[in-house]
Amino acid sequence: MNIIDRTAEEDFTKARNKALFNEIQHFLSPEEVSLISLNDVKQLLKPTAETYVGMKVVPIEKIVGSEGRYNDFDNHFFPKSSHLRNRWQHVDEAAIKDIILPPIKVYEISGLYFVRDGNHRVSVAKSRGTEFIDAEVVSLQSEIKLNNPENLKDIVKQIINYEKRLFYSETGFGDITDYWCLDFSRTGRYDVIYNHILTHKYYMNQGKEDEVSMEDAISSWFNTVYLPIVTSVRKCHILHKFPKRTLADLYVWIVRYWDSLKHTFGDNVSIDLAVQNFGKFYKIPFYKKFKNFINRIILRKAISANSADNYIKLDD
């Protein structure tokens with residue numbers, strides 16, 4: 001074995017060990033070290049168009065995910081499996097010898113890049129501290145711009161923050177209600193709230209000659225619909241049963257549950273009763289949470305083992 005082969009072997013071992021250490025550090029939350037899937041991001045951002053951009057020099061730090069190989073690398077593009085060794089080391093050897101490889105292919109969305117072809121080249125480049133790489137770019141159009149995320153969870157947070165800013169700006173909700181903590185843990189919920197307000201406005205207009213203003217509708221919805229429900233949630237002490245969820249999350253869920261109860265049992269079902277029953281029947285017992293966690297680990301290992309067994313061609 002010559003010095004270049006040994007260097008490439010050592011480089012892969014170092015990169016693989018970093019992936020292992022990263023996984024150990026996040027043993028209780030493995031999703032935080034998963035490489036971001038382009039499909040997951042597309043489902044969140046719902047791009048409106050696709051444009052061929054052509055050749056560009058792309059900052060390595062802006063490459064945060066992959067279209068198809070997101071199970072093979074961690075969120076820092078370190079290799080997660082030894083079956084990547086041969087291809088990875090060949091790419092690393094080319095880098096050591098200053099051999100110019102073909103440009104990678106990427107999708108760009110919201111200022112971030114996702115690899116279509118060239119995952120090993122990106123992994124080697126990141127491991128070697130390379131700052132830029134040649135890429136053939138296809139852009140997916142979205143109005144949201146994202147900062148460098150560590151994982152999909154970070155992207156979700158950034159999208160929620162964007163949706164909140166947009167909702168508060170376009171409706172004047174904060175100025176009208178003096179309530180600035182209408183927060184959610186999932187995307188798309190501010191559209192739900194806006195539709196609730198429009199529905200409330202529709203019923204307020206029934207039997208009136210003059211149109212109820214949006215400002216009055218927001219104020220009325222907040223004081224007669226939202227506040228009574230979240231007040232009941234606080235009174236029934238159920239928020240702690242739903243870790244990482246917010247009062248506004250529970251509002252949305254409880255409204256749906258309350259409507260289903262009224263559809264079944266009539267309009268006399270009180271909000272307090274709906275909240276109490278929701279907290280009783282929809283909480284996740286600890287043993288189920290633990291079981292789900294174990295099942296995720298087993299499934300992940302099974303997927304990794306299956307990938308290794310069926311790995312025939314070392315493509316990129």
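**View 1. Helix H4 lies across four strands of the sheet.** Axes here are lines fitted to C-alpha atoms, and angles run from 0 to 180 degrees between N-to-C directions. On that basis, H4 (residues 119-127) runs at about 130 degrees to S5. The strands it lies across are S3 (63-66), S4, S5 and S6 (132-140). The model shown in this and every other view is predicted.

**View 2. The whole chain, for orientation.** The chain holds eleven helices and six strands. It has 316 residues, and 42% of them count as buried. Take the contacts between residues at least 6 apart in sequence: 73% of these join residues at least 24 apart.

**View 3. Six strands form an open sheet with mixed pairing.** Read across the sheet, the strand order is S1-S3-S5-S4-S6-S2. Which strands sit at the edges? They are S1 (36-37) and S2 (50-59), each of which pairs on one side only. Next to edge strand S2 comes S6; the two pair in the antiparallel sense over nine bridges. In this pair, Thr-51 stands opposite Ser-139 of S6. S4 and S6, by contrast, run parallel and are joined by six bridges. Ile-104 has Ala-135 of S6 as its bridge partner. S3 and S5 are also parallel, with three bridges between them. In a regular strand, side chains alternate between the two faces of the sheet.

**View 4. S4 and S5 form a hairpin.** Strand S4 covers residues 104-109, and strand S5 covers residues 112-117. They run antiparallel, joined by five bridges. Two residues lie between the strands. In the turn, Ser-110 has a positive phi of about 60 degrees. Lys-105 has Asp-117 of S5 as its bridge partner. Phe-114 of S5 is a useful landmark. Tyr-107 stands opposite Phe-114. Gly-65 also stands opposite Phe-114.

**View 5. The largest nonpolar core has 40 residues.** Which residues have the most contacts inside it? They are Phe-173, Leu-182, Ile-193, Tyr-226, Ile-238, Tyr-251 and Ile-254. Five helices give two or more residues each: H5 (152-171), H7 (189-205), H8, H9 and H10. H9 supplies the largest share, ten residues. Another core lies apart from this one and has 23 residues. Among them are Phe-12, Ala-15, Val-115 and Val-124.

**View 6. Close-up of Ile-193.** What does Ile-193 touch, leaving out residues up to four places away in sequence? Its contacts are Phe-167, Leu-182, Phe-184, Trp-221, Tyr-251 and Val-252. Ile-193 is one of the residues with the most contacts inside the largest core. Leu-182 and Tyr-251 are also on that list.

**View 7. H5 packs against H7 at an angle of about 25 degrees.** The two axes are 9 Å apart. Angles under 35 degrees count as roughly parallel. H5 and H7 are therefore roughly parallel to each other. H5 contributes Ile-160, Glu-163, Lys-164, Phe-167 and Thr-171 to the contact. From H7 come Arg-189, Tyr-190, Ile-193, Tyr-194 and Ile-197. The pair of Phe-167 and Ile-193, seen in View 6, thus returns here as part of the helix packing.

**View 8. Helix H10 buries one face.** H10 spans residues 271-281. Its buried residues are Ile-271, Ala-274, Val-275, Phe-278 and Gly-279. Why do they line one face of the helix? Seen down the axis of H10, they fall within an arc of 125 degrees, so they share one face. These buried residues pack against H8 (214-236) and H9 (247-265). On the other side of H10, Lys-280 and Phe-281 are exposed.

**View 9. Glu-215 in helix H8.** Is Glu-215 buried or exposed? The cut-off for exposed is over 50% relative accessible area. Glu-215 has 51% relative accessibility, so it counts as exposed. Where is Ile-176 relative to Glu-215? The two are 39 residues apart in sequence. In space they are 6.8 Å apart, C-alpha to C-alpha.

Key: Residues numbered from 1 in each chain as written. Predicted model: local features only at pLDDT ≥ 70, side-chain atom pairs only at ≥ 80, totals over all residues. Heavy atoms only, no water. Buried < 20%, exposed > 50% of the residue type's maximum accessible area, 1.4 Å probe, protein only. Arc of directions from axis to C-beta. Contact = heavy atoms within 4.5 Å. Pairing = 2+ DSSP bridges. Core = buried A, V, L, I, M, F, W, Y, C linked by side-chain atoms within 4.5 Å. Parallel < 35°, antiparallel > 145°, perpendicular 65-115°, else oblique.
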